[in-house]
Structures are given as C-alpha cells and as structure tokens.
Amino acid sequence: MAGTWDLEVNGQAHVIQAEGSEPLLHVLRDHLGLKGARYGCGLEQCGACMVLVDGDPVHACTRRLDSTAGHRVTTVEGLDAPGLLAAFLGEQAGQCGYCLSGILVSVKALLDRTPNPDRATIAAALAPHLCRCGVHARILRAVAKAAA
C-alpha cells in the first residue's frame, strides 16, 4: 500500500512516498540517492546491501520500508569510523569494492558490540558477506587492526 513513511537515515529525517512493501535498498538508492549499499543477489546471500537498523546489520534488499519506518538507518555513507576506514586502507582490504560497503557496515556493528573480537568472532560477523576478489585475509587483518 502506498503511503508516507518517516525514516531517519544517517542522522537526517526523511519523509518517503512509496509502497510499504518496497525494499529499503530501493528507497535508499532511488529515493535518497545513497548508492553505497549495493544490489547483489536480492536473496540475503551476498551482503552487498547491508545497512544498520538501530545499530544492527540487516539486508536492505529484503527489508521492507514499512518495517523500517521510525527506526534509525545507517548506511556506509553515514558511518563514523575513521579508524576502521584507515585500517582497511592500510591493509589494502578492498579490491573491486563492490562488497566493501556492506562489510564495513557489519564490521562497525561488530566493533560497537565487541570492541576486541577474536579471529573466530570476526569471521562469524563476516559470514553473511560474499567477496569474490580473494582479499579475505586482508579484511580479517584490517578488522583486527581497527579493533586494536
């Protein structure tokens, strides 16, 4: 059902005119022009679309707008994590970058919950993400570096 939805994205209030069933990913990209969250599989299997909703990582490709209205949404564009970004750059933990925004969002949530995670905890947090560039070891090192 089409309607008006109040949405807070990256600390800014927005009023969205859309169907309640529209995926959050489409709202972010098409209505708000935030292109950091990417469409990968549309089935919650790659993590390219990951955003934070009230601090928890969620797949924006399947999250409905009507279930997100009234909650705080943070995209990669709104992350306040300079140490995390510096660690990823320092470890050269991105190659093509398609999956990286979703990974950064999930890592931010992990480090907010668990400031000093071990390697197994980091790997578990990254399990929803598919990266085809083969930089997994660099990503793990970058997260450990950011935690330190």
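Here are three short exercises on how the two domains of this predicted model meet.

**Exercise 1. Find the two domains and say how far apart their C-alpha centres lie.**

Step 1: Start with the bounds. The domain assignment gives domain 1 as 2-75 and domain 2 as 82-147.

Step 2: Now take the C-alpha centre of each domain; the two lie 22 Å apart.

Step 3: Count who takes part in the contact, with heavy atoms within 4.5 Å as the cut-off. Domain 1 brings 16 residues and domain 2 brings 12 residues.

**Exercise 2. Work out how much area is buried between domain 1 and domain 2, and which residues of domain 1 lose the most.**

Step 1: Look at the total, which is about 1,000 Å².

Step 2: Split that by atom type: carbon and sulfur atoms give 60% of the buried area.

Step 3: Zoom in on the domain 1 side. Arg-38, Cys-46 and Met-50 lose the most area to domain 2, and together they make up 41% of what that side buries.

**Exercise 3. Describe the polar links between the domains, then the make-up of the domain 1 side.**

Step 1: Check for salt bridges between domain 1 and domain 2: the count is 0.

Step 2: Try polar contacts instead. Across the interface there are 5 residue pairs in polar contact, with both residues at pLDDT 80 or more.

Step 3: See which elements give two or more residues to the domain 1 side: strand 3 (50-53) and strand 4 (56-59). Strand 3 has the largest share, with 3 residues.

Step 4: Sort the domain 1 side by class, and you get 8 nonpolar, 7 polar and 1 charged residues.

Methods
Residues numbered from 1 in each chain as written. Predicted model: local features only at pLDDT ≥ 70, side-chain atom pairs only at ≥ 80, totals over all residues. Heavy atoms only, no water. Domains from an automatic or database assignment. Buried area = accessible area lost by both parts, 1.4 Å probe. Salt bridge = Lys/Arg side-chain N within 4 Å of Asp/Glu carboxyl O. Polar contact = N/O pair within 3.5 Å; in protein donor to acceptor, adjacent residues only side chain to side chain. Helix = DSSP H or I, 4+ residues; strand = E, 2+ residues; numbered from the N terminus. Nonpolar A, V, L, I, M, F, W, Y, C, P; charged D, E, K, R; others polar.
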